[in-house]
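Me: I am a first-year student, and I would like a close look at a single part of this model, the aromatic pair and what lies around it. Please take me through that part slowly, and then connect it to other features of the chain.

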Amino acid sequence: LTVMVHAIYVLIFAIAVPLVHLALGATMDQAVGNPLSGQPSWSIGVGSVLAASGLVLILASIAWLGRIGRGLPISSSPPRRLVTAGPYHWSRHPIYLGAVLAFLGGSLLLGSFWNAVLAGPLLGFFYFTYACGVEEPILLSRFGEQYRTYQEKTALVVEFPLRRHSYKLITGALTLLSAAINRPKISRMGDHIFFWGYGIWIGVGATLGLTAMEYVLLVQGLPVPKAAWTVAAVATAGLLGSRMMWRTGVAVRNGGGFGHTAGTVGFVSWGVLAGLLIVLPLLALATGQSAYLLFDATLPALMTAHIFSRTGCAFYGCCYGKETTTRLRLCYQHPALKAVREKKVHPEALRPVQLISALYGGVIAALVFGLWCRLPLPVGIPAALTAAMYGLFRLGEEWLRSQSVLLWELVSPAQLAALALALLGLGHLASIPPGGGSATYAALGEVAFAPVLQQIHPLLLAASGLITAFVLSYHYRAIGRWK
């Protein structure tokens, strides 16, 4: 049984996970283009150094872990003693660092641009979020204060000259943000309560996301009335989907019907995507437009909204992370904040998962729209790339989230959904012919910005944002209740 557990662990972390990320880079090289296709000589030299360094670091780290720690780099056979010397003096997780270096080096040796600049960093995000969210809590429980001191002194990834100054800057910013979060913007009018610090952030995100979506639709030739209908349908589907998925989840967990969920405030981000998956194909049939165009315009725009909506989550205290002993944390103390209401602990020092999520949402939006502004992207690429990247990012993020339900005490339902979304996006990327075939969109940067902007419906967009802000801000008599 022990051998089987070890084999499964190695199969997942050393083979399956890197292969999934390798597939993302390879499909992007094929569909969008590969600047390293000519295999420049420097890529062979740099790739060889990175790959060799990574392999040496992995082997040296395993040797130190076995010789001093009397254990293996496998959760089922953890070290008996804490190892802080050798490679572990410079990185708390040198094996993962070595794996990422080896992946980047192999990417350059293979002449794969997108594996080097996209899949490699994504693989590092997965490994290090797993280390923070799963492995380090176990190490803290085993070694206590000894490991806590080690955490403070040693870098998560690797030491670099300005790391401590950067660390102080980030922790200082999180301290200021925690202070702002614990002064929530709440107004009361009789029995009516408005949690503006949450709703306004998400309302702004909805407005900007819908604006980006309508702009893309108009650039790609969708008639103005149909673009307006699409905006209205997407805004409605997002709100209703997020609400209904939350109610469904609560009803399933509690074993009851929908009745007792009607009076409780609750939304879930996966519901927005579920609502779009239902509405967009129907909208394509009703308007006679390509479903690809609707998904390609909507999903990257959703990442623009994601930046602000996740920031709003930080100010509301929902979607919070696991407890942490490090200074990279958000502290929740105000009784109106959801983290405090649900966990009933004062003060709560939690991982800033919402901000990490907002950050990678910005990365996805910048990459997809940046490519689309410069290149005539193949049909299906914007949505598929967004789905693949979001799924892989979310897969790692969930290690840091405070989950109420876990499968096998390790994998959450949200991670299964994230993996399915990533594989769906990867599958579609792989189906696109080399060079994208003949079906491509016009590059967004080739179209004059001002004339298209004049066709956008500002009142509709503003109304969508205001309705979103109102719905997500409103409470009745008590925070967390609608009736």
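Reply: F126 and W399 are both buried, and they make a good place to begin in this predicted model. The structure holds 25 aromatic pairs, and in this one the ring centres lie 6.1 Å apart while the planes meet at 70 degrees; because an angle over 60 degrees counts as edge-to-face, the pair of F126 and W399 is given that name. F126 belongs to helix α4 (residues 113-143), whereas W399 is found in the loop between α13 and α14 (413-431), so the contact ties together parts of the chain that are 273 residues apart in sequence. The two rings also belong to a wider group, for F13, Y96, F126, Y127, F128, Y130 and W399 form one aromatic cluster.

If we now turn to helix α13 (residues 381-397), we find R394 and E397, which lie three residues apart, about one turn of the helix. An α-helix has 3.6 residues a turn, so residues three or four places apart point the same way. R394 and E397 form a salt bridge in which the closest N and O atoms are 3.8 Å apart, and this distance is accepted because the cut-off for a salt bridge is 4 Å. R394 is buried, with a relative accessible area of 2%, and E397 is buried as well, with 1%. The two are part of something wider, since R394, E397, E398 and R401 are linked in a network of salt bridges.

Side chains of opposite charge can pair when their charged atoms come close, and a search of the whole structure finds 11 salt bridges. One of them joins R327 to E152, with the closest N and O atoms 3.4 Å apart. This pair links distant parts of the chain, with R327 in the loop between α10 (291-316) and β3 (330-332), E152 in helix α5 (residues 145-153), and the two positions 175 residues apart. Both partners count as partly exposed, R327 at 39% relative accessibility and E152 at 29%. Another salt bridge is formed by E159 and R163, whose closest N and O atoms are 3.1 Å apart. Here the partners fall into two classes, because the line between buried and partly exposed is drawn at 20%: E159 is partly exposed at 22%, whereas R163 counts as buried at 10%.

A charged group can also be found beside an aromatic ring in this chain, for the charged end of R67 sits over the ring of W64, 5.1 Å from the centre of that ring.

What does a search for disulfides find in the whole structure? The result is zero disulfides, and C318 shows how a pair of cysteines can fail the test. The cysteine sulfur closest to that of C318 is in C313, at 3.6 Å, which is too far for a bond, because a disulfide requires the sulfur atoms to be within 2.5 Å. C318 is buried, with a relative accessible area of 5%, while C373 is partly exposed at 40%.

The backbone also repays a careful look. Helix α7 (residues 196-219) has 24 residues and reaches 34 Å from its first C-alpha to its last, close to the 34 Å expected at 1.5 Å a residue. After α7 comes G221, whose phi is positive, near 95 degrees. Most residues other than glycine have a negative phi, and yet R70 has a positive one, near 55 degrees. R70 is placed in the loop between α2 (41-67) and α3, and its relative accessible area of 44% makes R70 partly exposed. R477 is likewise not a glycine and has a positive phi of about 70 degrees; R477 lies in the segment after β5 (474-476) and counts as exposed at 58% relative accessibility.

Finally, it is worth asking how confident the prediction is. The mean pLDDT of the protein chain is 91, and 95% of its residues reach 70 or more. Among the elements of the chain, helix α11 (residues 338-343) has the lowest mean pLDDT, 86, and helix α3 (residues 94-109) has the highest, 97. Where pLDDT is low, the predicted coordinates should not be read in detail.

Conventions
Residues numbered from 1 in each chain as written. Predicted model: local features only at pLDDT ≥ 70, side-chain atom pairs only at ≥ 80, totals over all residues. Heavy atoms only, no water. Salt bridge = Lys/Arg side-chain N within 4 Å of Asp/Glu carboxyl O. Helix = DSSP H or I, 4+ residues; strand = E, 2+ residues; numbered from the N terminus. Buried < 20%, exposed > 50% of the residue type's maximum accessible area, 1.4 Å probe, protein only. Expected span 1.5 Å × (residues − 1). Phe/Tyr/Trp six-rings, centres within 6.5 Å; stacked < 30°, edge-to-face > 60°. Lys NZ or Arg CZ within 6 Å of the ring centre and 35° of its normal. pLDDT = per-residue confidence, 0-100.
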